[in-house]
Amino acid sequence: MVILQLIGGLVLLLVGGEALVRGSVAVATRLGVSKLFIGLTLVGFGTSMPELVASLQGALAGYPGVAIGNIVGSNIANVLLILGITAVILPIAVNREAFQRDGAVLVLSSLILLGVILTGYLSRPAGFILIALLLSYTLFSYWSERKAGKAAAQIYEAEADQASYPNLSIWWGLAIFAVGVVGIVIGASLLVSSSVEIAHHFGVSDAVIGLTLVAIGTSLPELVTSAIAAVRGRAEVAFGNIVGSNIFNIFGIGGVTALVVPIPVPSEIAQVDIWVMVGTVVLMAIACITGWRVSRREGVFFLCCYVAYMAFQLMPGLRAAFGVA
């Protein structure tokens, strides 16, 4: 039954995340919202809603490892797993103008999260700061893209096109959005509860489960969106979605979780995993600025790194060798 709950939770997260994004995009389109704004907010942020709900439910249920591990683990998975798969399907041409802004924000946000986690506590003041930074980044991105009107903006407009349903009414859009919200809430609840039960059964911490099962499960919408974009020959759309989702995971999910339920940081995340997350961002930045392209070879390397990271998380003996409980 626990395995069935886990599978059911993953399916509901995947379907719910897709419905939420498409429903909200349909409503925004009918209301005349620009494609640029839709791509900047609803698509990239919408695919991160499963992470938000799962982190909140983990925090409210008293499992801080699930809540914080999901944020850190999802960002690691987005770069090493999803970006790796996308680059293997189709090498990614990186837009220099967009990356110089968004990539810099991603590096900065990762360092800010590192600083917060090293304090040992995800507090409400930190939550306020993270939310303020998210709002500032979103408004600045929209203003700069609208003012420039260049190729960088086309990435976000293409994301809006990819997530849109043509000729869908506002009411149908709202209905699909509502179905998505319900699916995500129920799916996240099933995923968190079943994952914690599995963790207890195998004697691993809730932080490990948050960094692995929950992180991968809540990253499914990004995985599907990015893979489809790559297959359609729009790998740059997948890249923009990954970067945007990682920024939202830190500022949005970290901020909202801290505001609702301030939680302590598990020691293993502060010792190892947050450093791995920062390292993956540095690897991605190096891959991007060396030729402004993420090649298939680099994609394979990212995937190999993720396999090694999963082995480290799931093999107690290997973790013990590094002095991590």
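The questions and answers below deal with the nonpolar cores, a surface patch and the aromatic rings of a predicted model.

Residues are numbered from 1 along each chain as its sequence is written, and side-chain values use heavy atoms, with hydrogens and water left out. Local features need pLDDT of at least 70 and side-chain atom pairs count only at pLDDT 80 or more, while totals for chains, interfaces and linings use all residues.

Visitor: Which helix gives the largest share of the largest nonpolar core?
Guide: A nonpolar core is a set of buried Ala, Val, Leu, Ile, Met, Phe, Trp, Tyr and Cys residues joined through side-chain atoms within 4.5 Å, where buried means under 20% relative accessible area, exposed over 50% and partly exposed in between (1.4 Å probe, protein chains only). The largest one has 61 residues, and Val72, Ile117, Phe239 and Met284 have the most contacts inside it. Among the helices (DSSP runs of H or I, at least four residues, numbered from the N terminus) that give two or more residues to this core are H4 (64–89), H5 (96–118) and H11 (235–260). The largest share, twelve residues, comes from H4.

Visitor: How many residues are in the other core, the one that includes Val66 and Ile184?
Guide: This other core lies apart from the largest one, and Leu191 and Val192 are also among its members. Its number of residues is 16.

Visitor: Is Ile7 buried, partly exposed or exposed?
Guide: Ile7 lies in helix H1, which covers residues 2–30. With Met1, Ile3, Leu4, Val11 and Val15, Ile7 forms a nonpolar patch on the surface, a patch being made of residues with over 30% relative accessible area and no salt bridge (a side-chain nitrogen of Lys or Arg within 4 Å of a carboxyl oxygen of Asp or Glu), with nonpolar side chains joined within 5 Å. Because its relative accessibility is 45%, Ile7 counts as partly exposed.

Visitor: What kind of aromatic pair do Phe99 and Phe239 form?
Guide: Rings of Phe, Tyr and Trp (its six-membered ring) pair if their centres lie within 6.5 Å, and planes under 30 degrees apart count as stacked, over 60 as edge-to-face and the rest as tilted. For Phe99 and Phe239 the centres are 6.0 Å apart, with 40 degrees between the planes. Phe99 lies in helix H5 and Phe239 in helix H11, so the pair ties together parts that are 140 residues apart in sequence. The pair is tilted.

Visitor: Which residue joins Phe99 and Phe239 in one aromatic cluster?
Guide: Phe99 counts as buried at 8% relative accessibility, and Phe239 counts as buried at 7%. The residue that forms one aromatic cluster with them is Trp292.

Definitions and conventions. Patch = residues over 30% accessible without salt bridge, like charges linked within 9 Å, V, L, I, M, F, W, Y side chains within 5 Å. Areas by Shrake-Rupley, 256 points an atom, 1.4 Å probe, with all protein chains shown as cover.
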